[in-house]
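Hi,

Here is the structure I said I would pass on. Have a look at it first, and my notes on what turned up follow below.

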Amino acid sequence: MSYTGDVTHGGPPAVRELDRLTVTKLSVGPMDNNVYLLRCRDTGAQVLIDAANEAPRLLDLVGDAGLTSVVTTHQHMDHWVALEEVVAKTGARALVHADDADGLPIPAQTLADGDTVAVGGQTLEVIHVKGHTPGSIALLYRDPAGTPHLFTGDSLFPGGVGNTDRDPERFGQLIDDVEHKLFGRLPDETWFYPGHGADSTLGAERASLPQWRARGW
(Lines give C-alpha, C1' and ligand atoms only; values in the text may rest on other atoms or scores of the structure.)
Protein backbone atom coordinates (compact mmCIF):
# COMPACT_ATOMS: atom_id res chain seq x y z
CA MET A 1 0.00 0.00 0.00
CA SER A 2 1.35 3.43 -0.91
CA TYR A 3 1.93 6.01 1.78
CA THR A 4 -0.83 8.62 2.18
CA GLY A 5 0.03 10.05 5.60
CA ASP A 6 -3.42 9.25 6.94
CA VAL A 7 -3.35 8.31 10.64
CA THR A 8 -5.97 8.27 13.38
CA HIS A 9 -5.62 8.51 17.14
CA GLY A 10 -5.11 5.04 18.55
CA GLY A 11 -4.62 3.63 15.07
CA PRO A 12 -1.56 2.13 13.43
CA PRO A 13 1.31 4.26 12.19
CA ALA A 14 1.80 5.18 8.55
CA VAL A 15 5.20 4.15 7.23
CA ARG A 16 7.02 5.63 4.26
CA GLU A 17 10.16 4.00 2.94
CA LEU A 18 12.48 6.45 1.23
CA ASP A 19 15.74 5.40 -0.36
CA ARG A 20 17.84 6.12 2.75
CA LEU A 21 15.28 7.09 5.39
CA THR A 22 12.15 5.54 6.85
CA VAL A 23 9.45 7.96 8.00
CA THR A 24 6.92 6.64 10.52
CA LYS A 25 3.96 8.86 11.40
CA LEU A 26 1.79 8.32 14.47
CA SER A 27 -1.13 10.29 15.96
CA VAL A 28 -1.09 10.69 19.75
CA GLY A 29 -2.84 12.57 22.54
CA PRO A 30 -6.14 14.44 22.89
CA MET A 31 -5.18 16.97 20.23
CA ASP A 32 -4.25 14.32 17.64
CA ASN A 33 -0.65 15.42 17.41
CA ASN A 34 1.49 13.91 14.70
CA VAL A 35 4.77 12.36 15.81
CA TYR A 36 7.42 11.40 13.27
CA LEU A 37 10.12 8.79 13.81
CA LEU A 38 12.93 9.00 11.25
CA ARG A 39 15.24 6.04 10.83
CA CYS A 40 18.43 5.99 8.77
CA ARG A 41 18.26 2.85 6.64
CA ASP A 42 22.05 2.58 6.48
CA THR A 43 22.91 2.91 10.17
CA GLY A 44 19.64 2.29 12.02
CA ALA A 45 19.97 5.59 13.92
CA GLN A 46 16.65 7.19 14.84
CA VAL A 47 15.39 10.71 15.52
CA LEU A 48 11.95 11.62 16.87
CA ILE A 49 10.18 14.82 15.86
CA ASP A 50 7.84 16.05 18.66
CA ALA A 51 7.46 13.71 21.64
CA ALA A 52 3.94 14.99 21.87
CA ASN A 53 2.12 12.54 24.16
CA GLU A 54 1.60 8.89 25.12
CA ALA A 55 5.21 8.10 26.03
CA PRO A 56 4.63 4.31 26.20
CA ARG A 57 3.43 4.26 22.59
CA LEU A 58 6.38 6.35 21.48
CA LEU A 59 8.84 4.12 23.30
CA ASP A 60 7.26 1.05 21.69
CA LEU A 61 7.65 2.74 18.33
CA VAL A 62 11.32 3.49 19.00
CA GLY A 63 11.94 -0.10 20.11
CA ASP A 64 15.35 -1.56 20.80
CA ALA A 65 17.07 0.56 18.15
CA GLY A 66 17.20 3.53 20.53
CA LEU A 67 16.99 7.21 19.83
CA THR A 68 19.74 9.75 19.23
CA SER A 69 17.67 12.95 19.36
CA VAL A 70 14.21 14.33 19.99
CA VAL A 71 13.55 17.55 18.09
CA THR A 72 10.71 19.73 19.35
CA THR A 73 9.30 21.92 16.59
CA HIS A 74 7.99 24.56 19.02
CA GLN A 75 7.27 25.22 22.67
CA HIS A 76 3.51 24.57 22.86
CA MET A 77 2.76 21.95 25.48
CA ASP A 78 0.85 19.56 23.25
CA HIS A 79 4.10 18.93 21.36
CA TRP A 80 6.22 17.93 24.38
CA VAL A 81 4.05 16.14 26.97
CA ALA A 82 6.07 12.92 26.54
CA LEU A 83 9.45 14.60 26.08
CA GLU A 84 10.79 14.22 29.60
CA GLU A 85 9.94 10.51 29.84
CA VAL A 86 11.18 9.66 26.35
CA VAL A 87 14.50 11.42 26.92
CA ALA A 88 14.93 9.86 30.37
CA LYS A 89 14.36 6.34 29.07
CA THR A 90 16.34 6.57 25.83
CA GLY A 91 19.16 8.97 26.70
CA ALA A 92 18.36 10.97 23.56
CA ARG A 93 19.37 14.61 23.20
CA ALA A 94 16.53 17.11 23.42
CA LEU A 95 16.79 19.75 20.68
CA VAL A 96 14.76 22.95 20.19
CA HIS A 97 15.26 26.41 18.71
CA ALA A 98 16.88 28.77 21.19
CA ASP A 99 13.89 31.15 21.20
CA ASP A 100 11.55 28.40 22.44
CA ALA A 101 13.91 26.63 24.85
CA ASP A 102 12.42 28.26 27.95
CA GLY A 103 9.04 26.72 27.15
CA LEU A 104 10.21 23.11 27.46
CA PRO A 105 9.98 21.06 30.68
CA ILE A 106 13.63 19.97 30.54
CA PRO A 107 16.90 21.58 29.45
CA ALA A 108 17.59 21.17 25.74
CA GLN A 109 20.39 21.82 23.33
CA THR A 110 19.48 24.80 21.21
CA LEU A 111 19.20 25.11 17.46
CA ALA A 112 19.41 28.05 15.07
CA ASP A 113 18.37 28.66 11.48
CA GLY A 114 20.66 26.76 9.14
CA ASP A 115 21.81 24.18 11.68
CA THR A 116 21.65 20.50 10.82
CA VAL A 117 20.43 17.49 12.78
CA ALA A 118 21.95 14.12 11.96
CA VAL A 119 19.80 11.05 11.40
CA GLY A 120 22.60 8.52 11.07
CA GLY A 121 24.14 9.23 7.68
CA GLN A 122 21.35 11.63 6.68
CA THR A 123 20.78 15.23 7.73
CA LEU A 124 17.87 17.54 8.44
CA GLU A 125 18.23 21.28 7.87
CA VAL A 126 16.71 23.56 10.52
CA ILE A 127 14.58 26.38 9.09
CA HIS A 128 13.43 29.04 11.57
CA VAL A 129 9.82 29.94 10.73
CA LYS A 130 8.81 32.59 13.24
CA GLY A 131 5.24 33.55 14.08
CA HIS A 132 3.31 30.61 15.50
CA THR A 133 5.85 30.85 18.32
CA PRO A 134 9.11 32.82 18.46
CA GLY A 135 11.21 29.70 17.93
CA SER A 136 9.11 27.53 15.62
CA ILE A 137 11.12 25.49 13.15
CA ALA A 138 10.64 23.33 10.09
CA LEU A 139 13.00 20.47 9.31
CA LEU A 140 14.03 19.82 5.71
CA TYR A 141 15.26 16.48 4.40
CA ARG A 142 16.63 16.63 0.86
CA ASP A 143 16.24 13.06 -0.31
CA PRO A 144 19.22 12.36 -2.61
CA ALA A 145 17.07 9.90 -4.55
CA GLY A 146 13.80 11.83 -4.71
CA THR A 147 11.79 14.87 -3.68
CA PRO A 148 12.40 17.06 -0.63
CA HIS A 149 10.53 16.25 2.59
CA LEU A 150 9.59 18.99 5.05
CA PHE A 151 8.40 18.62 8.65
CA THR A 152 6.54 21.84 9.44
CA GLY A 153 5.26 21.53 13.01
CA ASP A 154 2.35 23.96 13.44
CA SER A 155 3.70 26.57 11.01
CA LEU A 156 2.19 25.16 7.80
CA PHE A 157 -0.86 22.96 7.20
CA PRO A 158 -2.91 22.02 4.17
CA GLY A 159 -5.12 25.08 3.80
CA GLY A 160 -3.07 27.66 5.65
CA VAL A 161 -0.39 28.71 8.08
CA GLY A 162 -0.45 28.06 11.81
CA ASN A 163 -2.41 29.95 14.43
CA THR A 164 -1.15 33.44 15.29
CA ASP A 165 -4.17 34.51 17.39
CA ARG A 166 -5.14 36.98 14.65
CA ASP A 167 -2.16 39.14 15.66
CA PRO A 168 -1.22 41.08 12.49
CA GLU A 169 2.47 41.29 13.39
CA ARG A 170 2.80 37.58 14.17
CA PHE A 171 0.77 36.62 11.11
CA GLY A 172 2.85 38.87 8.88
CA GLN A 173 6.05 37.30 10.18
CA LEU A 174 4.73 33.78 9.69
CA ILE A 175 3.28 34.21 6.21
CA ASP A 176 6.47 35.97 5.10
CA ASP A 177 8.70 33.19 6.45
CA VAL A 178 6.50 30.45 5.01
CA GLU A 179 6.38 32.13 1.62
CA HIS A 180 10.06 33.01 1.35
CA LYS A 181 11.83 30.30 3.36
CA LEU A 182 9.65 27.36 2.33
CA PHE A 183 7.68 28.03 -0.88
CA GLY A 184 10.38 30.35 -2.20
CA ARG A 185 13.16 27.79 -1.81
CA LEU A 186 11.52 24.46 -2.50
CA PRO A 187 9.82 22.87 -5.52
CA ASP A 188 6.16 21.97 -5.86
CA GLU A 189 6.79 18.28 -5.34
CA THR A 190 8.09 18.90 -1.80
CA TRP A 191 6.02 16.76 0.54
CA PHE A 192 5.26 18.32 3.90
CA TYR A 193 4.30 16.73 7.19
CA PRO A 194 2.47 18.99 9.68
CA GLY A 195 2.06 18.77 13.44
CA HIS A 196 -1.60 17.74 13.18
CA GLY A 197 -3.71 16.19 10.46
CA ALA A 198 -3.04 15.30 6.86
CA ASP A 199 0.11 15.80 4.79
CA SER A 200 0.24 17.78 1.55
CA THR A 201 2.67 19.10 -1.03
CA LEU A 202 3.84 22.65 -1.58
CA GLY A 203 2.47 22.46 -5.11
CA ALA A 204 -1.03 21.68 -3.85
CA GLU A 205 -0.96 24.76 -1.59
CA ARG A 206 1.10 27.29 -3.54
CA ALA A 207 -1.76 28.90 -5.47
CA SER A 208 -3.54 29.65 -2.18
CA LEU A 209 -0.77 31.83 -0.72
CA PRO A 210 -2.32 35.13 -1.88
CA GLN A 211 -5.67 34.07 -0.40
CA TRP A 212 -4.07 33.20 2.95
CA ARG A 213 -2.30 36.54 3.06
CA ALA A 214 -5.46 38.46 2.17
CA ARG A 215 -7.61 36.78 4.82
CA GLY A 216 -5.00 37.35 7.54
CA TRP A 217 -4.87 33.88 9.04
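**Salt bridges and helix H1**

Asp-176 counts as partly exposed, at 30% relative accessibility. Before I go further, please keep in mind that this is a predicted model.

I started with Asp-176 because of its partner: it forms a salt bridge with Arg-213, and the closest N and O atoms are 2.9 Å apart. Arg-213 sits in helix H5 (residues 209-215) and Asp-176 in helix H3 (residues 168-183), so this pair ties together parts that are 37 residues apart in sequence. Arg-213 is partly exposed too, with 35% relative accessibility. There is also a third member to look for, as Asp-176, Glu-179 and Arg-213 are linked in a network of salt bridges.

How many salt bridges does the structure hold? The count comes to 10. Two others I looked at:

- Asp-19 and Arg-20 meet through their side chains in a salt bridge, at 3.6 Å from N to O. Asp-19 is partly exposed at 48% relative accessibility, and Arg-20 is partly exposed at 36%.
- Arg-57 and Glu-54 also meet through their side chains in a salt bridge, here at 3.3 Å from N to O. Arg-57 has a relative accessible area of 22%, which makes it partly exposed. With the cut-off for buried set at under 20%, Arg-57 does not count as buried.

Now to helix H1, which spans residues 55-62. Which of its residues are buried? They are Ala-55, Leu-58, Leu-59 and Val-62. These residues lie on the same side of H1, because they cover an arc of only 100° around the axis. Pro-56 and Asp-60, on the other side of H1, are exposed.

What do the buried residues of H1 pack against? Their partners are three strands and a helix: strand S2 (21-28), strand S3 (33-40), strand S4 (46-49) and helix H2 (83-90). If you colour H1 by burial, Leu-58 and Leu-59 are among the buried residues to pick out, with Asp-60 as one of the exposed ones on the other side.

One last detail concerns the end of this helix. Just after H1 comes Gly-63, which takes a positive phi of about 65°.

Let me know what you make of it.

Cheers

Note on methods. Residues numbered from 1 in each chain as written. Predicted model: local features only at pLDDT ≥ 70, side-chain atom pairs only at ≥ 80, totals over all residues. Heavy atoms only, no water. Buried < 20%, exposed > 50% of the residue type's maximum accessible area, 1.4 Å probe, protein only. Helix = DSSP H or I, 4+ residues; strand = E, 2+ residues; numbered from the N terminus. Arc of directions from axis to C-beta. Contact = heavy atoms within 4.5 Å. Salt bridge = Lys/Arg side-chain N within 4 Å of Asp/Glu carboxyl O.
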